[in-house]
Amino acid sequence: MLTDRLDLSRDELQSRSGWELKPEGACKGDVCIPLRSAVIGADGRVDITAFARQLGMPIVADEAHGLWALGPPSAGHVLARAEMPELTLSDFDGAPYDFATGRGRKVVMVAWASW
Amino acid sequence: MWQALYEELAPAGLEIVTVALDTNVESARAPAEAAHATHPSLVDPEFRIVELFGITNVPFGMWIDERGIIVRPPESAPVPPPPDAPDRSAFLESLPEEQRRIIVGMTANAGDPTRYFAAVRDWVANGEASRFVLTPDEVVARSRPLPDAAARAAAHYELGQHLHLTGFGQDAVAHFQRAHELDPTNWSYQRQARALADPAWGTAYERDLFTEVGRVGPETWRPPLDL
């Protein structure tokens, strides 16, 4: 997730990262991670540094361009569970394809590249 | 080759979804069109599946069952060679020793090139009973480890991609290189980054990719396929 500031509204956080702040913690899909301390400041905005630290997400900066990127929560493995996460990508004409479309069939996802 | 496998197995319930890992979508358009795919043919310029699933090179495959459960995590997905593929042994013999060492290492884990397609056929025929179907715990355990360094690498790569796509290609190189230093065996990062480099920038990368593969470890190019 990229950001050009380290405080975001809750809606901005959710639209950019998929993480929604709820009373039970930071939630994505049906997974919720409890937050040990508040990440929302007095102004109602999310302190991204505190949020990332609690979720174990690294933040890296490009100071010249005024940008930060949050990496995935570091954990044991890339896959925390075997359920296919929500994922929509586009075809070459820009038409979206939701991987949930494949339910009911066996799907082999194949990554390739021109390089 | 994937289209042929799709045509063979679609009547038995297989879907194939190909995803091009190309930051410049146009780079992948011609080869994608040449495949004449009748299955979904997607493009992932942001490398979302690299971060979500841990894809370190191409071609890589991942299996998802009818209920949306991943039953094999990303792994090398070798494609059977065409019947008229040339024998490369004389060519290999002609190479200097160091080059031969690297090429032999890069293909050391290839194994029988028909076995991945054979495993897909077995899954389609036998479903959950296929010996290639893994339990959820096995899927998680076999997926790539994600230490802090790899998570930081993903963040640097995202910054680099954004800078490249917004017209700051030379500024992106430092982030691409940092991603490589932090996660040297994720060749998706290096291969795409180097393909994006403009020759006008001069020597953006200290070593050529082949030499870099030799330095990191040629056998990391294709992780072992444990079927």
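**Exercise 1. Describe the hairpin formed by E4(A) and E5(A), and then its neighbour.**

Solution. Step 1: E4(A) and E5(A) make a hairpin with 2 residues between them, and in the turn A:Gly29 has a positive phi of about 60 degrees. Strands (E, at least two residues) and helices (H or I, at least four) are DSSP runs, numbered from the N terminus. The model is predicted: local features need pLDDT of at least 70, side-chain atom pairs count only at pLDDT 80 or more, and totals for chains, interfaces and linings use all residues. Residues are numbered from 1 along each chain as its sequence is written, and chains are lettered from A and ligands numbered from 1 in the order in which they are written.

Step 2: E4(A) pairs with strand E5 (residues 31-33) of chain A in the antiparallel sense over 3 bridges; two strands pair if DSSP finds at least two bridges between them. The bridge partner of A:Ala26 in E5(A) is A:Ile33.

Step 3: Strand E4 (residues 25-28) of chain A also pairs with strand E3 (residues 20-22) of chain A, antiparallel over 3 bridges. Here A:Lys22 stands opposite A:Gly25. E3(A) and E4(A) form a hairpin too, with 2 residues between them.

**Exercise 2. State which residues of chain A touch chain B, by element and by class.**

Solution. Step 1: The contact (C-beta atoms, placed from the backbone, within 7 Å) takes 44 residues from chain A and 70 residues from chain B.

Step 2: E12(A) gives the most to chain A's side, with 7 residues.

Step 3: That side of chain A has 28 nonpolar, 9 polar and 7 charged residues. Ala, Val, Leu, Ile, Met, Phe, Trp, Tyr, Cys and Pro count as nonpolar, Asp, Glu, Lys and Arg as charged, and the others, Gly among them, as polar.

Step 4: E12(A) pairs with strand E3 (residues 60-64) of chain B in the antiparallel sense over 5 bridges. In E3(B), B:Gly61 is the bridge partner of A:Val110.

**Exercise 3. Work out how H9(B) and H10(B) are oriented.**

Solution. Step 1: The axes of helix H9 (residues 169-182) and helix H10 (residues 187-196) of chain B come within 10 Å and cross at roughly 160 degrees. Axes are lines fitted to C-alpha atoms, for helices over the stretch in contact, and angles run from 0 to 180 degrees between N-to-C directions.

Step 2: H9(B) and H10(B) are therefore roughly antiparallel; angles over 145 degrees count as such, under 35 as roughly parallel, 65 to 115 as roughly perpendicular and the rest as oblique.

Step 3: Among the residues that meet are B:Phe176 in H9(B) and B:Tyr189 in H10(B). By class, this contact has 5 nonpolar, 3 polar and no charged residues.

Terms used:
Two residues are in contact if their C-beta atoms, placed from the backbone, lie within 7 Å.
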